[in-house]
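Work through the exercises below with the sequence and the 3D structure open. Try each task before reading its solution.

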There are 2 protein chains.
Amino acid sequence: MADKKMVEAITSMDEDFAQWYTDVVRKAELIDYTSVKGCMVIKPAGYAIWELIQSQLDSRFKETGVQNVYLPMFIPESLLQKEKDHVEGFAPEVAWVTHGGLNPLTERLCVRPTSETLFCDFYKNDVHSYRDLPKVYNQWCSVVRWEKETRPFLRSREFLWQEGHTAHATAEEAQERTIQMLNLYAEFCENVLAIPVIKGQKTDKEKFAGAVATYTIEALMHDGKALQSGTSHNFGDGFAQAFEIQFTDKDNKLKHVHQTSWGMTTRLIGAIIMVHGDNEGLVLPPKVAPVQVNIIPIMQKKEGVLDKAYELRDRLSNFRVKVDDSDKSPGWKFAEAEMRGHCIRVEIGPKDIEANKCVICRRDTREKIEVSLDELESKVAEILDTMQTEMLERARAHREDHTYVAKNMEEFEKLFTEKSGFVKAMWCGDQACEDTIKEKLSVTSRCMPFEQEQIADTCVCCGKPAKKMVYWGRAY
Amino acid sequence: MADKKMVEAITSMDEDFAQWYTDVVRKAELIDYTSVKGCMVIKPAGYAIWELIQSQLDSRFKETGVQNVYLPMFIPESLLQKEKDHVEGFAPEVAWVTHGGLNPLTERLCVRPTSETLFCDFYKNDVHSYRDLPKVYNQWCSVVRWEKETRPFLRSREFLWQEGHTAHATAEEAQERTIQMLNLYAEFCENVLAIPVIKGQKTDKEKFAGAVATYTIEALMHDGKALQSGTSHNFGDGFAQAFEIQFTDKDNKLKHVHQTSWGMTTRLIGAIIMVHGDNEGLVLPPKVAPVQVNIIPIMQKKEGVLDKAYELRDRLSNFRVKVDDSDKSPGWKFAEAEMRGHCIRVEIGPKDIEANKCVICRRDTREKIEVSLDELESKVAEILDTMQTEMLERARAHREDHTYVAKNMEEFEKLFTEKSGFVKAMWCGDQACEDTIKEKLSVTSRCMPFEQEQIADTCVCCGKPAKKMVYWGRAY
């Protein structure tokens with residue numbers, strides 16, 4: 001039974017989903033806690049996922065003309081205060097630097113919770129003419145928000161992200177970029193993370209501090225809770241007015257720029273875990289799996305077995321491949337590979353070698369496939385492709401199974417009492433109804449989806465004429 | 001004359017090297033100043049160099065088994081204080097966070113100036129057995145040191161770097177890793193940045209706070225000043241003792257780990273500028289040049305010219321290539337390309353097209369080469385290779401021309417009065433002599449090189465028996 005030790009230590013997800021999540025992030029060695037409350041260490045297995053997310057997201061950014069930059073991590077208090085809504089949204093949750101070396105600072109600096117104000121201060125000096133536009137900049141960095149309750153990847157006092165900040169000559173162009181990045185995020189989530197998302201707009205209550213409009217992609221976790229997975233904001237010229245970012249346009253008139261910002265964070269790793277994971281541990285989509293192929297020799301002390309394993313590894317060098325040649329038992333290695341989310345394991349022993357074959361086991365379905373060694377490379381590629389596709393399909397089916405419709409408050413309450421998932425329901429547009437629903441059921445409006453349906457004519461809460469269909473849910 | 005505007009704004013490097021440097025970093029649009037004193041914006045042209053440094057350094061790291069991680073940016077004051085020498089070295093120059101949100105913290109947190117203490121705190125919990133060793137971790141992040149005098153890239157309050165932190169079972173293995181990383185840094189500087197370096201050990205006076213031994217690579221800038229370009233530290237088990245990082249060894253005994261750390265920073269970009277730049281602006285080694293080929297159409301309004309330029313760009317897609325199709329004059333474009341350090345420019349006009357050729361101009365030598373369009377790809381590759389090699393050779397020749405030998409204090413003083421560069425001279429090993437030399441001449445010991453020479457038998461300062469040959473210099 002020692003073989004199963006790693007696995008048995010995991011709580012079942014049906015028993016206690018929160019504990020299952022914590023077990024997985026620890027046992028798969030994605031993170032560790034630290035002496036700094038609310039901050040975590042991202043360990044190699046976790047950081048490698050982030051690197052794969054970064055490289056694939058960054059190359060998509062660059063294809064759309066994004067340029068990377070780096071701005072300071074500190075924001076002078078006076079700068080943070082320039083845009084009224086923005087400071088109200090963020091000031092209560094920032095960390096303040098008050099001393100540099102042995103001396104008190106003349107002005108406090110906050111550690112950036114987000115960098116709109118710094119980008120504005122920069123663009124103010126960098127943009128003069130329509131020839132300087134658009135600015136389509138992004139930075140990869142860490143930000144700090146002094147959260148009270150924290151959870152690995154999902155909510156921590158410091159987290160890693162990218163933040164894009166753009167400036168445009170016209171409102172139309174800013175709106176176009178806002179939607180372009182939202183679409184890019186959605187495509188990335190579906191095709192790389194195998195996570196289907198709902199695209200839509202946030203209500204005023206839920207939008208970003210300082211934005212005219214916030215767009216979001218919302219994903220559904222295995223436990224039926226929603227996770228905001230990426231946001232894209234259109235600021236109009238509000239920040240430009242506050243920071244006096246002006247340019248001379250082609251018509252020789254002085255105008256304010258229009259701005260956007262958009263971000264994705266390490267919480268995506270939390271989404272991957274909660275969408276795809278199972279009771280054996282982590283399940284990773286091949287495109288972001290640090291180990292796609294784990295070759296596990298059977299009876300590895302027999303002559304030729306390890307050599308064969310290394311030979312297969314070399315043949316599979318187009319994949320992220322490892323050989324587990326440790327002195328643990330095969331059973332232990334299988335369990336460990338499952339816990340860590342290695343996409344496929346290749347079992348190779350003396351009998352396989354004799355028969356010129358190996359056994360491939362898929363992590364997601366645990367299906368075992370006998371493969372002739374002659375067609376190893378093509379079969380591995382095929383299996384990984386299939387796995388990537390089917391993981392998305394399963395996640396989509398799960399979301400569809402857990403998306404409900406409510407026409408009135410009775411149905412709405414019943415659904416959120418008995419089920420967990422998204423509920424589609426009509427809304428009058430009044431924030432009071434959102435407040436009521438949140439207070440009563442701890443449910444928030446996730447988004448007003450681009451794909452609207454006329455479920456009913458009246459608001460699910462107050463019964464007045466409805467304006468929008470909204471996805472509602474309990475969220476991380 | 002408008003064509004030359006960008007260039008004329010640069011101060012000549014012979015007239016005022018410091019001003020030339022500042023002009024280049026601004027005019028080549030590498031950085032911008034910010035409202036945060038001592039912190040800078042790294043603009044797209046600067047950050048793209050950093051990305052090329054990162055990717056090539058990171059792949060070298062990974063080949064030696066390095067794994068990337070991410071640790072918090074905050075260090076609790078009590079943690080920073082655990083290793084006595086370390087806290088004395090860093091406490092006077094850190095930024096302190098005292099408030100989280102609206103509340104004062106119970107314990108101050110410093111923004112990491114370096115992360116030895118955090119890694120120790122992490123390893124303490126993560127290392128139990130010899131099976132857990134070695135740990136060879138690295139992180140890419142920003143750090144903060146509250147410097148009084150700052151200069152772009154060379155010394156700023158926040159800068160980007162990588163910091164490797166390793167833990168080993170034996171002293172020998174730690175020493176091996178320390179030297180391995182120093183060698184990797186040296187190879188990287190020479191083969192990627194085209195900057196030759198002197199490898200050696202720091203004196204006790206100059207070593208890292210808390211290290212048993214600090215090794216360094218020292219480069220010589222164009223003005224004859226030295227720049228410490230990378231360091232690798234062996235900590236012995238000092239930190240492990242202070243933090244109680246112990247493991248059970250194969251012999252079943254409890255032992256302390258042996259540790260190393262090593263880092264390189266964005267100051268490398270400053271080194272590239274000061275080693276290779278000239279009075280026309282930036283000169284970048286091809287391996288870290290964001291634009292290797294700039295295709296400049298001549299008489300671009302003539303039919304077919306722009307199309308040809310785009311065709312050449314597509315053919316050169318293995319390189320980092322752009323077409324300057326802006327409506328500026330060719331002369332202006334040439335000057336701008338030189339300022340920004342584009343490695344080669346390809347001039348293509350109606351006459352060239354007719355003759356099936358183009359003119360290639362190398363940025364470093366300004367040599368013009370006529371190339372048949374039939375062999376464009378191979379010629380471009382060849383020219384870039386040659387440029388990379390010759391840039392290193394020129395930098396090495398410059399360093400050799402500016403490396404002097406002093407046998408006694410008279411020669412030593414004369415050299416540092418009349419010349420600028422490295423001076424090789426003997427040293428008794430006594431810190432008092434370093435202090436005297438620093439006070440008198442603002443000269444510091446750069447390193448005790450691995451390649452020792454017996455220049456004299458006595459210390460250049462006090463005349464007592466010499467122990468080591470030292471490279472001395474004025475440093476950034």
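**Exercise 1. A strand pair between chains**

Which residue in β5(B) is the bridge partner of A:Trp96? State also how the two strands run.

Solution. Keep in mind throughout that this is a predicted model.
- Step 1. Find A:Trp96 and look across to β5(B): the bridge partner there is B:His99.
- Step 2. Extend the view to the whole strands. β5(A) and β5(B), the latter covering residues 95–100, pair in the antiparallel sense, with five bridges between them.
- Step 3. Recall the general rule: strands of a sheet pair through backbone hydrogen bonds, either parallel or antiparallel.

**Exercise 2. The contact between the chains**

Describe the side of chain A that touches chain B.

Solution.
- Step 1. Count the residues: 42 of chain A are in contact with 42 of chain B.
- Step 2. List the elements of chain A that give two or more residues to this side. They are the strands β2 (40–42), β3 (67–68), β4 (74–76), β5 (95–100), β6 (103–111) and β8 (158–168), together with the helices α3 (44–63) and α6 (116–126).
- Step 3. Pick out the main contributor: β5(A) gives the most, with six residues.
- Step 4. Sort the residues of this side by type, which yields 25 nonpolar, ten polar and seven charged.

**Exercise 3. Symmetry**

What turn and what shift along the axis lay chain A on chain B?

Solution.
- Step 1. In general, two copies of a chain are related by a rotation about an axis and a shift along it.
- Step 2. Here the turn is 180 degrees and the shift is 0.0 Å, and the RMSD comes to 0.0 Å.
- Step 3. Such a relation is that of a two-fold axis.
- Step 4. Locate the axis from chain A: A:Val97 has the C-alpha nearest to the axis, 2.1 Å from it.
- Step 5. Compare the contact surfaces: 100% of the contact residues of chain A recur in chain B, so the same surface serves both copies.

**Exercise 4. An open sheet and its helices**

In what order do the five strands of the open sheet in chain B stand? Which helices pack against them?

Solution.
- Step 1. The order is β16-β15-β17-β18-β19 (chain B), and the pairing is mixed.
- Step 2. Look at the ends of that order. β16 (321–323) and β19 (368–372) of chain B each have a single partner strand, so one side of each is left without a neighbour in the sheet.
- Step 3. Neighbouring strands of this sheet are turned by 25 degrees against each other on average, direction ignored.
- Step 4. Take one pair in detail. β18 (residues 357–362) of chain B and β19(B) run antiparallel and are joined by five bridges. Within this pair, B:Ile360 has B:Ile369 as its bridge partner.
- Step 5. Add the helix α13 (residues 376–401) of chain B, which packs on the sheet and touches β15, β17, β18 and β19 of chain B. The direction of α13 makes about 10 degrees with that of β18(B).
- Step 6. Add the helix α11 (residues 330–340) of chain B. This helix lies across β15 (293–297) and β17 (344–348) of chain B, and runs at about 170 degrees to β15(B).

**Exercise 5. Buried parts**

Which residues of the largest nonpolar core touch the most other members?

Solution.
- Step 1. The core has 297 residues, and the ones sought are A:Leu193, A:Ala219 and B:Ala219.
- Step 2. Leave aside neighbours within four places in sequence. B:Ala219 is then in contact with B:Cys189, B:Ile195, B:Val197, B:Leu227, B:Ser229, B:Ala271 and B:Val275.
- Step 3. Turn to strand β21 (residues 422–427) of chain B. Five of its six residues are buried, so the strand is largely enclosed by the rest of the structure.
- Step 4. Find the partner of this strand: β20 (residues 403–405) of chain B pairs with β21(B) in the parallel sense over three bridges. B:Thr403 stands opposite B:Phe422.

**Exercise 6. Backbone angles in loops**

Is A:Phe153 buried or exposed? Is A:Glu244 buried or exposed?

Solution.
- Step 1. A:Phe153 lies in the loop between β7 and β8 of chain A, and its phi is near 70 degrees, a positive value in a residue other than glycine.
- Step 2. A:Phe153 has 27 C-beta neighbours inside 10 Å and therefore counts as buried.
- Step 3. A:Glu244 is placed in the loop between α8 (238–243) and β12 (246–248) of chain A. Its phi is also positive, about 55 degrees, although A:Glu244 is not a glycine.
- Step 4. With 10 other C-beta atoms within 10 Å, A:Glu244 is exposed.

Note on methods
Residues numbered from 1 in each chain as written. Chains lettered and ligands numbered in written order. Predicted model: local features only at pLDDT ≥ 70, side-chain atom pairs only at ≥ 80, totals over all residues. Pairing = 2+ DSSP bridges. Helix = DSSP H or I, 4+ residues; strand = E, 2+ residues; numbered from the N terminus. Axes fitted to C-alpha atoms, helices over the stretch in contact; angles between N-to-C directions. Contact = placed C-beta atoms within 7 Å. Least-squares fit on C-alpha atoms with pLDDT ≥ 70 in both. Nonpolar A, V, L, I, M, F, W, Y, C, P; charged D, E, K, R; others polar. Core = buried A, V, L, I, M, F, W, Y, C linked by C-beta atoms within 7 Å. Buried ≥ 20, exposed ≤ 12 C-beta atoms within 10 Å, placed from the backbone.
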